[in-house]
Amino acid sequence: QVQLVESGGGLVQAGGSLRLSCAASGRTISNYVMGWFRQAPGKEREFVAAISRRSGYTYYADAVKGRFTTSRDNAKNTVYLQMNSLKPEDTAVYYCAACENIYASGRYYYTEEKYENWGQGTQVTVSS
């Protein structure tokens, strides 16, 4: 199993930016598709973004497309989520997750049940 720890969350004004990091240990993330999810108060956890093993493919939820970018550095065993033009509705706990099935594509990775390993989450709060 791979252990995941998110960092970089915080309080930011609307229109601002944050960069989340997800540091992995125990196994190399090059064996996984990596995803980001978020959960706002009173809402279900939802897909944000995912990135394939060698960064060849990225997937984004419509709500963040054009504003968020996910990337990975397999040598550093770290995944990133760059969040720009933040909105109050982006306020949530953001989770990093790892999926062992590297052979699927597209919307397979939009589903949280497909991910076997999860971080503890980091809070992002966007004030208006």
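Strands (E, at least two residues) and helices (H or I, at least four) are DSSP runs, numbered from the N terminus. The structure is a predicted model, in which local features need pLDDT of at least 70, side-chain atom pairs count only at pLDDT 80 or more, and totals for chains, interfaces and linings use all residues. Residues are numbered from 1 along each chain as its sequence is written, and side-chain values use heavy atoms, with hydrogens and water left out.

We can start with the sheet. Strands E1, E3, E8 and E7 form an open antiparallel sheet in the order E1-E3-E8-E7, where pairing requires at least two DSSP bridges between two strands. E1 (3-7) and E7 are the edge strands, each with a single partner, so one side of each lacks a neighbour in the sheet. Five bridges join E1 to E3, and glutamate 6 stands opposite cysteine 22 in E3.

Asparagine 77 sits in the loop between E7 (68-73) and E8 (78-83). With a relative accessible area of 13%, asparagine 77 is buried (under 20% relative accessible area, 1.4 Å probe, protein chains only). Beyond four places in sequence, the contacts (heavy atoms within 4.5 Å) of asparagine 77 include Cys22, Ala23 and Thr28.

The largest nonpolar core (buried Ala, Val, Leu, Ile, Met, Phe, Trp, Tyr and Cys residues joined through side-chain atoms within 4.5 Å) has 39 residues, and Met34, Leu81, Met83 and Tyr94 have the most contacts inside it. Strand E9 (92-99) is among the elements giving two or more residues to this core; E9 gives the most, with six. Methionine 83 touches Leu18, Leu20, Phe68 and Val124, among others more than four places away in sequence.

Conventions: Buried < 20%, exposed > 50% of the residue type's maximum accessible area, 1.4 Å probe, protein only.
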